[in-house]
Amino acid sequence: MFATLSDRLADTFKNLRGKGRLSEADIDATAREIRVALLEADVALPVVKEFVGAVKERARGVEVSQALNPAQQIIKIVNDELVTILGGETRRLRFAKNPPTVIMLAGLQGSGKTTLAAKLALWLKEQGSSPLLVAADLQRPNAVNQLQVNGERAGVKVYAPEPGNGVGDPVAVARGGVEEARRTLHDVVIVDTAGRLGVDAEMMQQARDIRDAVTPDEVLFVVDAMIGQDAVNTAQAFLDGVGYDGVVLTKLDGDARGGAALSVASITGKPVMFASAGEKLTDFDLFHPDRMAGRILDMGDMLTLIEQAEKTFDQEQAAKAAAKLTGQGGDFTLTDFMEQMQQIRKMGSLSKIMGMLPGMGQFRDQLDNFDEREIDRIQAIIQSMTPAERENPKIIDGSRRQRISKGSGTQVSDVNTLVDRFFEARKMMMSMAKGGGIPGMPGMPG
Ligand code: GDP
């Protein structure tokens with residue numbers, strides 16, 4: 001996701017490292033590099049111009065700061081400006097005072113609308129809502145069926161026209177769906193509408209008719225982040241043709257550039273509300289401009305990580321480990337290490353999780369190639385140790401190493417590496433737990 005932009009900006013900031021203060025020439029050079037980085041990432045030209053202008057102006061005005069060095073100040077400015085172009089504050093769904101809340105989806109065919117409808121429904125269901133999906137995309141062959149299949153996977157009811165009269169009237173289906181929701185006490189209705197491969201007048205008219213028939217509380221424009229500059233044009237066409245309240249970016253997993261998607265909010269003045277980054281129904285979440293900016297700048301995405309951790313972590317176990325790491329409740333042992341690893345694994349693939357940590361951008365290649373079986377090997381090694389060894393790895397001498405490596409089917413050097421890494425990791429985790437933060441992080445506010 002936005003890897004090109006991340007890498008280029010990281011290079012730019014690297015050039016500023018070690019500078020005591022920024023000269024006019026430094027600022028100009030930096031602004032030029034940021035401009036190239038944004039253009040290469042496919043950010044729309046007007047957005048680039050405004051962005052670079054703002055960064056330049058603010059960079060000139062910065063006070064000599066005790067807390068931040070010049071490179072950090074520029075990073076902070078770029079971060080703020082990124083948050084701004086992404087729409088500022090997180091925009092949450094507005095629910096109707098009198099349910100059902102009607103959400104209408106619009107966008108081109110293939111933008112990921114039908115998939116998104118199910119993702120949104122599942123997400124709402126997890127938040128405690130009882131959504132109803134309405135299949136009003138009668139244009140694309142199979143769209144109704146696809147929504148039904150996805151709805152079933154999400155465990156959400158789908159309102160669809162009777163099979164047989166496939167041509168049907170999408171406006172009537174949409175209206176019928178909302179009535180059905182009212183009758184059966186669903187509190188949210190998600191109306192999937194037809195898309196075309198390109199923007200055309202008939203399609204816009206149909207979307208307008210559906211909009212007028214169901215008076216949605218939120219119209220969401222769904223756009224594929226991979227379509228490049230067309231995203232901006234399409235977004236504008238839909239804004240003029242149908243109008244919408246927010247944008248949903250899909251297929252963020254697919255594009256290393258994705259800058260066009262970054263421009264949509266800025267150009268249309270409509271916030272990005274959700275992001276979809278994968279084919280699984282759970283690859284979906286609220287879009288947080290500040291977190292996305294943090295991710296692009298490789299400051300990590302600690303908030304998302306923490307939220308995921310909160311969802312999956314065994315609180316009691318985590319508290320126990322934290323106590324040990326801060327020097328209360330005994331030593332943090334290999335047993336704890338393994339438990340933590342298993343917890344982390346529940347959150348998803350390790351490379352995805354590591355990618356959310358600050359400063360990991362430079363290791364992207366290694367992360368992408370990370371062999372998840374490595375974890376199995378580590379577990380096998382720890383399991384081949386005696387309880388005493390796990391509690392106090394210092395006692396693991398040469399002959400114990402031999403025995404452990406045999407028992408786990410690994411090399412003696414693997415056992416060495418694991419033990420060394422454990423001590424290193426423990427040291428790092430202890431300093432993190434004590435400092436309440438991540439070592440080596442620039443002193444960034446916010
Ligand atoms: P619609 O025509 O707008 O309803 O689009 P679909 O929901 O049918 O999606 C088109 C294709 O994109 C399907 O093959 C989906 O599996 C795929 N797709 C949808 N969302 C994502 C996403 O976030 N990431 C990836 N990689 N593929 C997606």
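Q: Is Phe 51 buried or exposed in this predicted model?
A: Phe 51 lies in helix H3. A residue with 20 or more other C-beta atoms within 10 Å of its own counts as buried. Phe 51 has 23 such atoms within 10 Å, so Phe 51 is buried.

Q: What distance separates the C-alpha atoms of Phe 51 and Ala 31?
A: Phe 51 belongs to helix H3. Along the chain, Phe 51 and Ala 31 are 20 residues apart. In space, their C-alpha atoms are separated by 9.5 Å.

Q: Which loop holds Asp 42, and what is its phi?
A: Asp 42 lies in the loop between helix H2 (24-40) and helix H3 (45-61). With 23 other C-beta atoms within 10 Å, Asp 42 is buried. Its phi is positive, in a residue other than glycine, and is near 80°.

Q: Where does Lys 251 lie, and what is its phi?
A: Lys 251 sits in the loop between strand E6 (246-250) and helix H10 (259-268). Lys 251 is buried, with 23 other C-beta atoms within 10 Å. Lys 251 is not glycine, yet its phi is positive, near 60°.

Q: Which peptide bond is cis, with omega near 5°?
A: Look at the loop between helix H4 (70-85) and strand E1 (101-106), where Pro 100 lies. The bond that leads into Pro 100 has omega near 5°. The cis bond runs from Pro 99 to Pro 100.

Q: Why is strand E4 described as largely enclosed by the rest of the structure?
A: Val 188, Ile 190 and Asp 192 are buried on one side of E4. Val 189, Val 191 and Thr 193 are buried on the other. Both faces are therefore covered. E4 is largely enclosed because its buried residues number 6 of the 6.

Q: How many bridges join E1 to E4, and how many pair strand E2 with E4?
A: E1 and E4 run parallel, and Thr 101 stands opposite Val 188 in E4. E2 (residues 131-136) also pairs with E4 in the parallel sense. There, Ala 136 stands opposite Thr 193. The counts are 5 bridges for E1 with E4 and 6 bridges for E2 with E4.

Q: How many residues of strand E5 are buried?
A: Glu 218, Leu 220, Val 222 and Asp 224 point one way from E5, and all are buried. Val 219, Phe 221 and Val 223 point the other way and are buried too. E5 (residues 218-224) is therefore largely enclosed by the rest of the structure, with buried residues numbering 7 of the 7.

Q: Which residue in E6 is the bridge partner of Asp 224?
A: E5 is joined to E1 by 4 bridges, and the two run parallel. In that pairing, Leu 105 stands opposite Leu 220. E5 also pairs with E6 in the parallel sense, over 5 bridges. In E6, the partner of Asp 224 is Thr 250.

Q: What arc do the buried residues of helix H8 cover around the axis?
A: Met 203, Gln 206, Ala 207, Ile 210, Arg 211 and Val 214 are buried in H8. They lie on the same side of H8, because their arc is only 140°. Exposed residues sit on the other side: Ala 201, Glu 202, Gln 205 and Asp 212. The arc of the buried residues is 140°.

Q: How far does helix H8 reach from its first C-alpha to its last?
A: H8 (residues 201-214) has 14 residues. At 1.5 Å a residue, 20 Å is expected. The reach in the model is close to that, at 20 Å.

Q: What span should helix H14 have, and how far apart are its end C-alpha atoms?
A: H14 has 13 residues (334-346). At 1.5 Å a residue, H14 should span 18 Å. The end C-alpha atoms agree, since they are 18 Å apart.

Q: Which helix gives the most residues to the shell around the ligand?
A: The shell has 21 residues, and the closest are Gly 112, Lys 113, Thr 114, Thr 115 and Ser 276. They divide into 2 nonpolar, 13 polar and 6 charged. Helix H5 (113-126) and helix H6 (143-154) each supply at least two. The most, 3 residues, come from H5.

Definitions and conventions
Residues numbered from 1 in each chain as written. Predicted model: local features only at pLDDT ≥ 70, side-chain atom pairs only at ≥ 80, totals over all residues. Near = placed C-beta within 6 Å. Nonpolar A, V, L, I, M, F, W, Y, C, P; charged D, E, K, R; others polar. Expected span 1.5 Å × (residues − 1). Buried ≥ 20, exposed ≤ 12 C-beta atoms within 10 Å, placed from the backbone. Pairing = 2+ DSSP bridges. Arc of directions from axis to C-beta.
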